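Trainee: I should like to go through the terms used for this structure and the grounds for each of them. May we begin once the structure is before us?

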Amino acid sequence: MFGQSNSPRFRSALAGTLGIGLVFGLAACGGSDDSADDSDTAAQSIDCAQFSSFGDLKGKTVSVYTGIVTPEDTAYKDSYKPFETCTGVTIKYEGDKAFETQILVRAKAGNPPDLAIVPQPGLLKQLVATGKAVEAPAEVAANVDKFWGEDWKAYATVDGKFYGAPSGASVKSLVWYSPSEFKDAGYTVPTTLDELKTLTDKMVADKKKPWCAGIASGEATGWPLTDWHEDMMLRLSGPETYDKWVSHEIPFNGPESTAALDAAGAYLKNPAYVNGGLGEVKSIATTTFQDAGLPILEGTCSLHRQASFYAANFPKGTKVAEDGDVFAFYLPGKTATDKPVLGGGEFNVAFADRPEVKAFQTYLSTDTWANIKAKLSQGWVSANNKIDPNNLSNPVDKLAATILLDPNATFRFDGSDQMPAAVGSNAYWKQTTSWITGQDTKTTVDNIEKAWPK
């Protein structure tokens with residue numbers, strides 16, 4: 001479902017796999033860009049010598065199609081400029097809110113873009129099934145082997161063929177809170193699930209309703225509940241069982257999934273715990289996910305489980321930082337050393353194998369591009385293991401990057417985004433919505449199991 005600083009350390013960190021040397025200031029290449037003053041690109045220069053491995057791409061064009069639109073698209077376009085400046089190629093960027101529907105229409109009609117930024121492994125598999133997606137070049141595969149874990153590569157691999165490097169990433173395993181409330185009340189950030197339960201009970205003893213939640217999202221109502229369920233599934237049963245559950249090697253209504261939904265319900269269906277500042281348990285179904293965490297600012301809610309992107313939902317002027325009005329902590333595992341991380345992300349998938357398309361794909365798979373993009377962004381991180389968190393100016397982005405780069409972290413992609421559409425974006429959403437308004441757990445998981453394609 002639905003990320004700037006210019007330090008000397010950043011300059012030294014930019015060494016791409018292909019030997020792309022970047023020393024900031026466009027003047028060295030004879031070009032400039034006055035439209036991106038805020039990101040300091042007008043003062044940057046690029047040593048283009050080592051871009052020569054891409055060849056002369058002057059007069060060539062690569063089209064990029066994506067669901068990433070204004071204002072988030074600006075950082076993407078700016079991050080492409082070093083490649084454009086040094087190779088002569090033109091990148092044609094097209095953002096479309098209807099991307100997830102239209103990319104399939106275009107692929108099936110034989111009119112796909114050169115490159116698409118695909119947000120879900122399930123959609124990636126559908127695109128491969130059209131026969132129009134092109135296997136990623138060897139240079140991209142080598143970069144992914146170097147800069148990402150095997151799990152990330154597997155999400156873009158279909159029938160043994162690899163199709164695209166990861167782009168951005170989001171961390172869903174977060175709990176939002178008020179740093180000042182924690183300080184004033186003497187609360188400490190929990191490091192295990194047991195400590196999270198103890199903290200919640202302490203808040204109840206302090207005459208608070210600790211948790212606030214909301215799942216209303218138009219036709220997608222229910223998706224935040226699937227995130228809760230998946231987070232608990234990953235924590236209680238481990239990544240291997242989670243993978244089997246997502247791929248339906250074990251049934252959706254098995255004991256592991258049932259226990260995970262009950263674990264989510266221990267928080268969300270407990271009237272002593274929810275719905276702080278918003279109502280009773282059933283109000284979760286009618287509260288929009290955008291509004292669900294706002295009671296933290298009013299002091300009527302203390303905890304809200306939601307992804308890193310939720311930072312953008314707080315009102316303008318809200319300080320989102322460890323010493324600010326609101327911040328987030330990692331949703332802990334069963335033990336302090338157990339670091340399961342639920343998240344999402346995008347992948348760069350090509351539909352053409354022209355030299356300029358392959359070259360651009362390769363650039364996007366480097367640590368060079370990841371660090372350039374990091375410096376230009378707010379609300380964006382990458383799971384690239386060579387990204388420098390110091391290049392991220394947003395405290396939540398830094399937190400997300402720190403979690404993703406933790407050597408003990410075990411990342412797993414959002415389960416509903418990998419399941420067949422009849423389940424992941426239909427029965428799963430609808431049945432968990434019925435569950436939060438009173439349906440029992442067994443009926444819920446049984447109904448979702450029945451929806452699984454035979």
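Trainee: What makes the link between the side chains of N391 and N371 a polar contact?

Mentor: The side chains of N391 and N371 are joined at 2.8 Å. A polar contact is a pair of N or O atoms within 3.5 Å; within protein, one must be able to donate a hydrogen and the other to accept it, and residues adjacent in sequence count only if both atoms are side-chain atoms. The 2.8 Å value therefore satisfies the 3.5 Å limit. Please note that this is a predicted model, in which local features need pLDDT of at least 70 and side-chain atom pairs count only at pLDDT 80 or more, while totals for chains, interfaces and linings use all residues. Residues are numbered from 1 along each chain as its sequence is written, and side-chain values use heavy atoms, with hydrogens and water left out.

Trainee: Where is N391 placed, and why is N391 called buried or exposed?

Mentor: N391 sits in the loop between α15 (367-376) and α16 (395-405); helices here are DSSP runs of H or I with at least four residues, strands are runs of E with at least two, and both are numbered from the N terminus. Its relative accessible area is 0%, so N391 is buried (buried: under 20%; exposed: over 50%; partly exposed: in between; 1.4 Å probe, protein chains only).

Trainee: Is S167 buried or exposed, and on what value does that rest?

Mentor: S167, in strand β6 (residues 164-171), has a relative accessible area of 1% and is therefore buried. Leaving aside neighbours within four places in sequence, its contacts (heavy atoms within 4.5 Å) include Y76, E346, W369 and W380.

Trainee: Why are α3 and α4 called roughly parallel?

Mentor: The axes of α3 (residues 99-108) and α4 (residues 121-129) cross at roughly 15° and come within 9 Å. Angles under 35 degrees count as roughly parallel, over 145 as roughly antiparallel, 65 to 115 as roughly perpendicular and the rest as oblique. The pair is therefore roughly parallel. The contact is made by F99, E100, I103, L104 and A107 of α3 and L123, Q126 and L127 of α4.

Trainee: What makes α9 and α10 oblique?

Mentor: Helix α9 (residues 223-237) and helix α10 (residues 239-246) pack at about 135°, with axes 7 Å apart. That angle lies in none of the three named ranges, so α9 and α10 are oblique to each other. Among the residues making the contact are M233 and L234 of α9 and Y242 and W245 of α10.

Conventions. Axes are lines fitted to C-alpha atoms, for helices over the stretch in contact, and angles run from 0 to 180 degrees between N-to-C directions.
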